[in-house]
Amino acid sequence: DAAMDRTIEALKICSDKMRRRGVSRSRLIATEACRSASNGEAFLARVLEETGLSLEIVDRETEAQLAAAGCLELADPHEDGVVLFDIGGGSSEIVWLDRDETGQRDVSARMRAWISIPWGVVTLSERHGGIEVTREIYQGMVTEVRSHLEDFADKLQAQRAARRYHLLGTSGTVTTLGGVHLGLRRYERRRIDGLWMGDEAISATIEAHYAWMAQRLGR
């Protein structure tokens, strides 16, 4: 109940912003939380009643397509393809896009493969200890997620000798990672959109988390 109340309050803010800006055409979607919840439809009815927003629950393939469509402008045109990852709260989608040779805007025409795994940053962290994520807990997360990615990885592995991929992340988890890397006190979209992070930067950010966690736990 508390989580639903928080969501309603957030959606009221969204509704007010849309009304003030005169939005006349929109598509409002719900994803894994409402897909998997037994009261998902009832919750959306409450959203409509209290905020005036009509949301539709989309399937995982549609979610993957929409994530890819929103990121096409950031894809590196010099690479042979894009592996896009969208780490959500309740699920994560990974999409393999071919290189754009013709200016094709139809995302589905460029999708070579996609996968949706039933773990997002919220559900995975809750399964593995919540906020206090140690190195050992993190490795447990990696092992669990890897088991869901093996078939998808095999498809990419078969192309490794001839292909280079741009790894492109989207949504809150990866943008938070970027914000931590930049040392931002609050989210600044203009600095995070299009940000490049290499292996060293990502590893340093993970190590910074471990140092913070050690201090938190008094170790």
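Two strands are taken to pair if DSSP finds at least two bridges between them. Helices (H or I, at least four residues) and strands (E, at least two) are DSSP runs, numbered from the N terminus.

The structure is a predicted model, in which local features need pLDDT of at least 70, side-chain atom pairs count only at pLDDT 80 or more, and totals for chains, interfaces and linings use all residues. Residues are numbered from 1 along each chain as its sequence is written, and side-chain values use heavy atoms, with hydrogens and water left out.

**The whole chain**

Begin with the entire protein in view. It contains 10 helices and six strands. Along its principal axes, the C-alpha trace spans about 55 × 55 × 35 Å. The radius of gyration, taken over C-alpha atoms, is compared here with a globule rule of 2.2 Å times the number of residues to the power 0.38. For 219 residues, a compact globule would have a radius near 17 Å, and the 19 Å of the protein agrees with this.

Colouring by accessibility is a useful next step. Buried means under 20% relative accessible area, exposed over 50%, and partly exposed in between (1.4 Å probe, protein chains only). Of the 219 residues, 32% are buried. Contact means heavy atoms within 4.5 Å. Among contacts between residues at least 6 apart in sequence, 65% join residues at least 24 apart.

**The sheet**

Select β3, β4, β5 and β6 next. These form an open sheet of four strands in the order β5-β4-β3-β6, with mixed pairing. Its edge strands are β5 and β6, each of which pairs on one side only. On average, neighbouring strands are turned by 15° against each other, direction ignored; axes are lines fitted to C-alpha atoms, for helices over the stretch in contact, and angles run from 0 to 180 degrees between N-to-C directions.

Strands of a sheet pair through backbone hydrogen bonds, either parallel or antiparallel. Which strand runs parallel to β3? The strand is β6, joined to β3 by six bridges. In this pair, valine 82 has histidine 166 of β6 as its bridge partner.

On its other pairing, β3 is joined to β4 by seven bridges, and these two strands run antiparallel. Phenylalanine 85 has isoleucine 94 in β4 as its bridge partner, and a hairpin of four residues connects β3 to β4. Because five of its seven residues are buried, β3 is largely enclosed by the rest of the structure.

Continue to β4 and β5, which run antiparallel and are joined by six bridges. Here leucine 97 stands opposite methionine 111 in β5.

**Helices α7 and α4**

Now add residues 135-157. This is helix α7, which lies across β3, β4, β5 and β6 and runs at about 175° to β5.

Then select residues 60-71, helix α4. The expected span of a helix is 1.5 Å times one less than its number of residues. For the 12 residues of α4 this gives 16 Å, and the end C-alpha atoms, 17 Å apart, agree with that value. Aspartate 59 caps the N-terminal end of α4, with a side-chain oxygen 3.3 Å from the backbone nitrogen of glutamate 61.

Which residues of α4 are buried? They are Thr62, Glu63, Ala64, Ala67, Ala68 and Cys71. These buried residues pack against α2 (32-36), β3 (81-87), β4 (92-98), α5 (107-110), β5 (111-117) and β6 (165-170).

**Arginine 27 and alanine 30**

Centre the view on arginine 27, in the loop between α1 (2-20) and β1. Its relative accessibility is 49%, so arginine 27 counts as partly exposed. Leaving aside neighbours within four places in sequence, arginine 27 is in contact with Glu56, Val58, Thr62 and Leu66. A polar contact is a pair of N or O atoms within 3.5 Å; within protein, one must be able to donate a hydrogen and the other to accept it, and residues adjacent in sequence count only if both atoms are side-chain atoms. One such contact, of 2.7 Å, joins the side chains of arginine 27 and glutamate 56.

Move next to alanine 30, in strand β1 (residues 29-30). Alanine 30 is buried, with a relative accessible area of 5%. Not counting residues up to four places away in sequence, alanine 30 touches Leu44, Leu55, Glu56, Ile57 and Val58.

**Threonine 205**

Finish at threonine 205, in helix α10 (residues 199-217). Threonine 205 is buried, with a relative accessible area of 10%. Leaving aside neighbours within four places in sequence, its contacts are Leu177, Val180, His181 and Met197.
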